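Here is a quick briefing to keep beside you at the bench. Have a look at the model first, then walk through the topics below.

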Amino acid sequence: MNERQEMHRIYGARRLRRLLTFGALFLTSCVQLPLAPVAPLRALGAQHQLLIGASVDEAVFQRDAHYREVLAREFSILTPENALKFERVHPAPDRYDFRRPDALMDFAASHHMAVHGHTLVWDGQLPQWLTQGHFSRTQLTAILRDHIHTVVGHYRGRIPLWDVVSEAIDDDGKLRDSFWLRSIGPDYIALAFNWAYEADPHARLLYNDYGIAGDNRKADAVFRLLRDLRGQHVPVDGVGLQMHLSPNDAPTVRQVRRNMMRFESLGLEVDITEMDVRVRLPANGTELAQQARVYREMLDACLAAPNCKSFALWGFTDKYSWIPDNFPGWGNALIFGPDFQPKPAYHALVDRLRRR
Ligand code: XIL
């Protein structure tokens, strides 16, 4: 082989290798795109200093590896969906069970995710030993104080954000007729925030409710409640807007902005804590596009508000969601399909986060 032939051989081989490498890269990115997007939500959210979250069903978390993989890839904060609720974490008068939430804490730590504690004082998922126990007001006050001190204390310095009181106002704007109101009286709200503060003075403490992002009596009543609590120096730091929506009853961006701004005027942060957008089953393309619009608009409102610190969904895949069980005939409410494929709503969030 002369020198010229030798040169051809080397360069030809190099060109072929380069071509093969490019081809392989191109093919891998095509194949991987729908499964592993180039920049997941959590990375895009970080560019806006915004945490992107999802609630986590503990039983599913234990058994479904694909679920864990998407959770860690896409989200920077997780909320235990049930594991920290009273009946789970405090199943008997003198017994606390931290095994399940601790497993979620370990997972979060190893994937650099924060944890949002949900929820200390709520009318739902209370154990029978508590509701059927015929305790006096003094006893129930001591029980709730011990509950908050023990649960928040167990995670002191490790859970930066707590739902302290959930759903204390009803649709008419009155204090909800709950177990806690009946047994302790209206003071239970301020007491709960004070006890949570004693247990972890560095955690941010939220009041959390649904239906308070639009213009309505309930939103106004929550505003007044928080204004009064702040006026009394009760340590409440922010408001969780749950955002369980459907395309036809979603608040407008203008309404959400107005609520976020008036909470800011009280010195409060806001967090979107439980967003899902249910549609009637079976859903068609138009409904999924409307759903995507609602997700994008709520994210838009949050990004425009300097006090909006996190944007979290209630679940993330339609494979597991509380909606079908609780709203018969409805579902398909999340941003990944049952096969973990991104839906139009996912792409809408990505598109919005890519913009400044
Ligand atoms: C729901 C859970 O998703 C279900 O698994 C459970 O059976 C009932 O509670 N608002 C809240 C959440 O604050 O705690 C609720 O979670 C959904 C509505």
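**Overall fold**

Among contacts in the protein chain between residues at least 6 apart in sequence, 77% join residues at least 24 apart. Please keep in mind that this is a predicted model. The protein chain has 356 residues, of which 53% count as buried, and its secondary structure comes to 15 helices and 11 strands.

**The largest pocket**

- The largest pocket has a volume of about 630 Å³.
- It is lined by 32 residues, and the closest to its centre are Y210, Q242, H244, W322 and F327.
- Two elements give two or more residues to this lining: β7, with residues 244–245, and α14, with residues 323–326.
- Sorted by class, the lining of the largest pocket holds 12 nonpolar, 11 polar and 9 charged residues.

**Around the ligand**

- Which residues surround the ligand? They are E81, N82, K85, H118, W122, Q125, E167, Q242, H244, E274, W314 and W322.
- Two of the side chains to look at here reach oxygen: a polar side-chain atom of Q125 lies 3.3 Å from an oxygen atom of the ligand, and a polar side-chain atom of E274 lies 2.8 Å from an oxygen atom of the ligand.
- Q242 pairs with nitrogen instead, as an N or O atom in the Q242 side chain is 3.4 Å from a nitrogen atom of the ligand.
- Q242, H244 and W322 are among the residues surrounding the ligand, and these three are also listed among the residues closest to the centre of the largest pocket.

**A buried lysine, K218**

- K218 is part of helix α11, which covers residues 217–231.
- Is K218 buried or exposed? K218 counts as buried because its relative accessibility is 2%, and the cut-off for buried is under 20%.
- I169 is 49 residues away from K218 along the chain, yet the C-alpha atoms of the two are separated by 6.8 Å.
- Beyond its neighbours within four places in sequence, K218 is in contact with I169, D170, D171, G173, R176, D209, Y210, G211 and I212.
- One of those contacts, Y210, also appears among the residues closest to the centre of the largest pocket.

**Helix α15**

- Helix α15 spans residues 344–354, and its buried residues are A345, Y346, A348, L349, V350, R352 and L353.
- What do the buried residues of α15 pack against? Their partners are the helices α2 (41–46), α4 (65–74) and α13 (285–304), together with the strands β1 (51–56) and β10 (308–313).
- As a reminder, an α-helix has 3.6 residues a turn, so residues three or four places apart point the same way.

Terms used:
Residues numbered from 1 in each chain as written. Predicted model: local features only at pLDDT ≥ 70, side-chain atom pairs only at ≥ 80, totals over all residues. Heavy atoms only, no water. 1 Å grid on protein atoms, 1.4 Å probe; cavity = no way out; pocket = protein on both sides within 12 Å on 5 of 7 lines; lining within 4 Å. Points joined across faces, edges and corners; volume = space filled by probe spheres on them. Helix = DSSP H or I, 4+ residues; strand = E, 2+ residues; numbered from the N terminus. Nonpolar A, V, L, I, M, F, W, Y, C, P; charged D, E, K, R; others polar. Buried < 20%, exposed > 50% of the residue type's maximum accessible area, 1.4 Å probe, protein only. Contact = heavy atoms within 4.5 Å. Near = heavy atom within 4 Å. Polar contact = N/O pair within 3.5 Å; in protein donor to acceptor, adjacent residues only side chain to side chain.
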